[in-house]
Amino acid sequence: MYEKFYGLTEKPFNTTPDSKFFFPSAKHTEALSSLLYAITERRGFVVITGEIGAGKTTVTRTLLNKLDIATKVALITNTHLTPKELIVQILEELEIEYKPGGKQKLLSQLNAYLVRQLANDVNVVIIIDEAQNLAPKVLEEVRMLSNLETEKEKLVQIILVGQPQLKEKLNNPKLEQFKQRIALYYHLAPLSRQETDEYVRHRIKLAGAGQNEVFTSDAIDMLYSHSRGVPRIINLLCDSALLSGYIYDSKQITEKIIYEAIKEREITHTAESAVSEEKLLQAIYCCSDCKEYASCEIKWIRGTKGEKQACCAKCQSHAQCLKGASKIN
Ligand SMILES: Nc1ncnc2c1ncn2[C@@H]1O[C@H](COP(=O)(O)OP(=O)(O)OP(=O)(O)O)[C@@H](O)[C@H]1O
Ligand SMILES: [Mg+2]
C-alpha cells in the first residue's frame, strides 16, 4: 500500500523469517557461524536460545542457504510431538523410505540410514525449532539420538533452537545428562541501539529505497527504547509507522509517528523504558496552536482513513495538531 510513496519496491518490515533480509549483526553472525562450525566439524549437539522474536528462526533459515549439497537437513518445527512422532517426522523430513512399526523399528531404520550417509560423506543435521515446547520425554529421545555415533564420529548433528524457557528446562537437574551432551551453546541477545539503527536502514535499503533517511534519529531512539532491540517488535512498529507516515503524507518517520505506532500496538512499556508515558505524551503532543504546552490534554480520535490517532484535545484535528506540534522536554 505505502511502498510507492517511499520509493520502495516491496514491504521492508514483514514479520516472516525471510533470509533475503538477513541483517548480519555481530550477534546473528556469531550464532550463524557457531552453527556452521558445529555442523562442518560434526560437533554433535548444539543449543541456541534467544528471546521471543530475536531472530532464531531467521538464523536457521539463513543457515539452510549456506549448507552445501553434502549436508542433508531435517527441519522440525512442530514440537508438540510424542517421542515416536518425532522419529517419524525426522524420517519423513530426510525423505527416508521406511517401514512403519514401533519406535525401536523406526530408530533402527534411521540409524541404518545415518551409517550409509556417513559412508557417503554426507553430513546429516536435525534442526528442531521451537524446542522450548518439547516434552521431557521427547528431550530424552533427542538425547538418545545424540548418542548415535561411531567410535570416531557423530552420526548426526542436532541443533535445538528455542526461547529462554528451553534454557530453564535444560537447567533441570534431571536433564543433567542431556546438558553434558551439549557441545556448543549460544544465546542470541537483542540488538543494541546502534544495531537497531543499522537494522532499520538495512531493511529499507533492501526493499529498494537505497540510502534514504526515512527514520529520524529520534524515531530510532524511541523505537529502540520500546522494542529493546527485538527485531520482530521493530518490524511491527516500523510497518505501522510507515503506514501512518503515508496517511499523513510524511516521508520522514518521526518519533511522534513511532509513538503512535507503539500506542496502536499497545506494547507495554518495560521497566527499562527510558521515559515515562506521561512525559512522552507531553513531549510529543503539545501542539503550538493551542499554546498550552505543559498541560496539553491528549485524546484519541479517528483519522481521515478511520485510523486511531493521538491528538491534542484543543485542536480537535489530528492533521492540524501534527502540523503545529512541537517538542517540549
Ligand atoms: N538478523 C535479522 N535480519 C533480518 N531480519 C531479522 C533478523 N532477526 C530477526 N529478524 C526479523 O524479526 C522477525 C522475527 O524473527 P524470527 O521469527 O527469526 O524470531 P524468533 O527468535 O525465531 O522468534 P520466536 O521466538 O517467536 O520463534 C522476523 O520478521 C525476521 O525477519
Ligand atoms: Mg522462531
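Me: In this predicted model, a residue is buried if 20 or more other C-beta atoms lie within 10 Å of its own. How many of the residues of α11 are buried?
Reply: Helix α11 spans residues 255-265. The buried ones are E255, K256, I257, I258, Y259, E260, A261 and I262. The helix is thus mostly covered, and the count of buried residues, out of 11, is eight.

Me: Are α9 and α11 roughly parallel or roughly antiparallel?
Reply: Helix α9 covers residues 217-227, and its axis lies 8 Å from that of α11. The two helices pack at an angle of about 25°. Angles under 35 degrees count as roughly parallel. Therefore α9 and α11 are roughly parallel.

Me: Which class, nonpolar, polar or charged, has seven residues in the contact of α9 with α11?
Reply: From α9 come D218, A219, D221, M222, L223 and H226, which meet E255, I257, I258, Y259 and I262 in α11. Of the residues in this contact, three are charged and one is polar. The class with seven is nonpolar.

Me: Which helix gives the largest share of the largest nonpolar core?
Reply: This core has 72 residues, and those with the most contacts inside it are I126, I159, L237 and I258. Seven of the core residues come from one helix, residues 231-248. That helix is α10.

Me: Which domains each give at least three residues to this core?
Reply: I126 is among the core residues with the most contacts inside it. Leaving out residues up to four places away in sequence, I126 touches A74, I76, I90, V156 and I158. The domains drawn on are domain 1 (1-8 + 191-274) and domain 2 (26-188).

How values were computed
Residues are numbered from 1 along each chain as its sequence is written. Chains are lettered from A and ligands numbered from 1 in the order in which they are written. This is a predicted model: local features need pLDDT of at least 70, side-chain atom pairs count only at pLDDT 80 or more; totals for chains, interfaces and linings use all residues. A nonpolar core is a set of buried Ala, Val, Leu, Ile, Met, Phe, Trp, Tyr and Cys residues joined through C-beta atoms within 7 Å. A residue is buried if 20 or more other C-beta atoms lie within 10 Å of its own, exposed if 12 or fewer, and partly exposed in between; C-beta atoms are placed from the backbone. Helices (H or I, at least four residues) and strands (E, at least two) are DSSP runs, numbered from the N terminus. Domain bounds come from an automatic or database domain assignment. Two residues are in contact if their C-beta atoms, placed from the backbone, lie within 7 Å. Axes are lines fitted to C-alpha atoms, for helices over the stretch in contact, and angles run from 0 to 180 degrees between N-to-C directions. Angles under 35 degrees count as roughly parallel, over 145 as roughly antiparallel, 65 to 115 as roughly perpendicular and the rest as oblique. Ala, Val, Leu, Ile, Met, Phe, Trp, Tyr, Cys and Pro count as nonpolar, Asp, Glu, Lys and Arg as charged, and the others, Gly among them, as polar.
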